[in-house]
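Work through the exercises below with the sequence and the model at hand. Each task is followed by a solution in steps.

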Amino acid sequence: MVFYFTAFLVILLDQLSKWWVRDHIAISEVIPVRGIIYELQHYENSGMAFSLFQGYARLFGVVAVIFICLILYYRSKGDIQGRISNAGAGFLVGGAAGNMIDRFWHGTVTDFIVFSEGGGIMNIADLALNAGIILYIIGMILNYFSSQQKKRNFP
């Protein structure tokens with residue numbers, strides 16, 4: 001249940017935030033922000049991370065579909081277990097789906113969050129992908145130690 005809730009929430013927040021940015025901030029417009037976020041800047045990325053491979057948005061959309069299918073496949077096999085791993089997988093699927101929707105619907109991905117001067121520009125889906133990787137790795141480590149503990153307790 002945590003997997004589906006997380007994935008749905010990420011997609012919803014990602015798409016709502018991108019809709020707001022596209023509706024309220026002109027492309028290349030910069031809005032200074034105080035705090036963790038350095039600024040908001042509307043950028044349309046037709047490539048992948050770090051603006052690499054511009055013009056291949058739909059190809060990366062297909063890659064996202066494959067990625068999502070792989071996660072769903074491994075979940076169905078029972079290879080992804082535990083709340084933390086499932087939350088991580090939910091963040092990964094939600095992030096991939098959020099950017100995939102942009103790639104197929106708009107031909108670009110809307111980015112707008114800048115954390116530092118000269119830093120990269122991201123969106124909610126990108127943040128979810130990063131969180132998903134971290135949570136999934138933590139879940140795998142915890143699952144490993146849990147299985148090792150069970151092996152020691154049952155000779």
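**Exercise 1. Describe how strand 1 and strand 2 pair, then place the pair in its sheet.**

Solution. Strand 2 covers residues 39–45, and its pairing with strand 1 is antiparallel, over three bridges. The model is a predicted one. One position to check is Val30, which stands opposite Gln41 in strand 2. Next, extend the view to the sheet: it is open, has four strands in the order 1-2-3-4, and is paired in the antiparallel sense. Strand 1 (30–32) and strand 4 are the edge strands, each pairing on one side only.

**Exercise 2. Which strands does helix 1 touch where it packs on the sheet, and how does helix 1 pass helix 3?**

Solution. Start with the sheet: helix 1 touches strand 2 and strand 3, and its direction makes about 90° with that of strand 3. Then turn to the helix pair. The axes of helix 1 (residues 2–24) and helix 3 come within 7 Å and cross at roughly 35°. The crossing is right-handed. Sorted by class, this helix contact has 11 nonpolar, nine polar and five charged residues.

**Exercise 3. Characterise the largest pocket by its volume and lining.**

Solution. First, the volume: the largest pocket holds about 640 Å³ of space. Second, the lining: it consists of 23 residues, and Met48, Ala49, Asn99, Asp126 and Leu129 lie nearest the centre. Third, the elements: two or more lining residues come from each of helix 2 (57–76), helix 3 (83–106), strand 3 (109–114), strand 4 (121–122) and helix 4 (124–153). Last, the classes: the lining has 14 nonpolar, six polar and three charged residues.

Key:
Residues numbered from 1 in each chain as written. Predicted model: local features only at pLDDT ≥ 70, side-chain atom pairs only at ≥ 80, totals over all residues. Heavy atoms only, no water. 1 Å grid on protein atoms, 1.4 Å probe; cavity = no way out; pocket = protein on both sides within 12 Å on 5 of 7 lines; lining within 4 Å. Points joined across faces, edges and corners; volume = space filled by probe spheres on them. Nonpolar A, V, L, I, M, F, W, Y, C, P; charged D, E, K, R; others polar. Axes fitted to C-alpha atoms, helices over the stretch in contact; angles between N-to-C directions. Left-handed = near helix turned anticlockwise from the far one by under 90°. Pairing = 2+ DSSP bridges. Contact = heavy atoms within 4.5 Å.
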